[in-house]
Amino acid sequence: MNDRQWVVTAVLAGVVASAFLYIPVIGHKYTFIAAAVLQAAYLGWQDVETPRFRLGAICFSVGIFLGLPVVSILFGGTGPGNLWGVAALMGIIPGVIAMFATRFLKQKRSE
């Protein structure tokens, strides 16, 4: 995977995870957090070099942070309103932790 593909994959993973906060029937903050953790675990399992992995973690975070207001507009404006930054942190923090934990477990498993 080259840098562009990795960045686009990480950003889209963040945007897809942020959509789970606003999906009408199943969307909720716990669904959003679970989706962010699962997407991050998938990204953490990818075979990429360490600098590219760190870039992916940053892009994943930016995808969630900027994806929340965009997805909120697409799904009709319901959601955390002015607290979308706090809602983004509720997905970013466990997501990035899961991403690094998955990478750590994969490296330990390969040794």
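This report describes helices, salt bridges, buried positions and a surface patch in one protein model.

The model is predicted, so local features are given only at pLDDT of at least 70 and side-chain atom pairs count only at pLDDT 80 or more, while totals for chains, interfaces and linings use all residues. Residues are numbered from 1 along each chain as its sequence is written, and side-chain values use heavy atoms, with hydrogens and water left out.

## Helix H2 and the loop after it

Helices here are DSSP runs of H or I with at least four residues, numbered from the N terminus. Helix H2 has 16 residues and reaches 22 Å from its first C-alpha to its last, close to the 22 Å expected at 1.5 Å a residue, where the expected span is 1.5 Å times one less than the number of residues. The buried residues of H2 are Phe 32, Ala 35, Ala 36, Ala 40, Leu 43 and Gly 44; they lie on the same side of H2 because they cover an arc of only 170° around the axis. Buried stands for under 20% relative accessible area, exposed for over 50%, and partly exposed for the range in between, with a 1.4 Å probe and protein chains only; the arc is taken from the directions that run from the helix axis to the C-beta atoms. On the face of H2 turned away from its buried side sit the exposed residues Tyr 30 and Leu 38.

Gln 46 belongs to the loop between helix H2 (29-44) and H3, and with a relative accessible area of 17% Gln 46 is buried. A polar atom of the Gln 46 side chain lies 3.2 Å from the backbone oxygen of Tyr 42.

## Salt bridges

Side chains of opposite charge can pair when their charged atoms come close. How many salt bridges does the structure hold? There are 3 of them, a salt bridge being a side-chain nitrogen of Lys or Arg within 4 Å of a carboxyl oxygen of Asp or Glu. The table lists these pairs with their N to O distances.

| Lys or Arg | Asp or Glu | N to O distance |
|---|---|---|
| Arg 52 | Asp 3 | 2.7 Å |
| Lys 106 | Asp 47 | 2.2 Å |
| Arg 52 | Glu 49 | 3.6 Å |

The side chains of Arg 52 and Asp 3 meet in a salt bridge; since Arg 52 lies in helix H3 and Asp 3 in helix H1, the pair ties together parts that are 49 residues apart in sequence. Arg 52 also forms a salt bridge with Glu 49, and Asp 3, Glu 49 and Arg 52 are thereby linked in a network of salt bridges. Within this network, Arg 52 is buried at a relative accessible area of 18%, whereas Asp 3 is partly exposed at 43% and Glu 49 is partly exposed at 47%.

The side chains of Lys 106 and Asp 47 meet in another salt bridge. Lys 106 lies in helix H4 (residues 84-110) and Asp 47 in the loop between H2 and H3, so the pair ties together parts that are 59 residues apart in sequence. Asp 47 counts as exposed, with a relative accessibility of 69%.

## Helices H1 and H3, and the surface patch

Trp 6 lies in helix H1 (residues 3-19) and is buried, with a relative accessible area of 0%. The C-alpha atoms of Trp 6 and Gly 56 are separated by 6.6 Å, although these residues are 50 residues apart along the chain.

Ile 58 lies in helix H3 (residues 50-74), and its C-alpha is 8.5 Å from that of Ala 10, which is 48 residues away in sequence. Is Ile 58 buried or exposed? At 54% relative accessibility, Ile 58 counts as exposed, while Val 62, also found in helix H3, is partly exposed at 40%. Together, Ile 58, Val 62, Phe 65 and Leu 66 form a nonpolar patch on the surface with about 360 Å² of accessible area. Such patches are made of residues with over 30% relative accessible area and no salt bridge, nonpolar side chains (Val, Leu, Ile, Met, Phe, Trp, Tyr) being joined within 5 Å and like charges within 9 Å.

## The loop between H3 and H4

Asn 82 is placed in the loop between H3 and H4 and counts as exposed at 79% relative accessibility. From C-alpha to C-alpha, Asn 82 and Pro 69 are 9.7 Å apart in space, with a separation of 13 residues in sequence.

Note on methods
Helices (H or I, at least four residues) and strands (E, at least two) are DSSP runs, numbered from the N terminus. Accessible areas come from the Shrake-Rupley method with a 1.4 Å probe; for residues, only the protein chains shown count as cover. A polar contact is a pair of N or O atoms within 3.5 Å; within protein, one must be able to donate a hydrogen and the other to accept it, and residues adjacent in sequence count only if both atoms are side-chain atoms.
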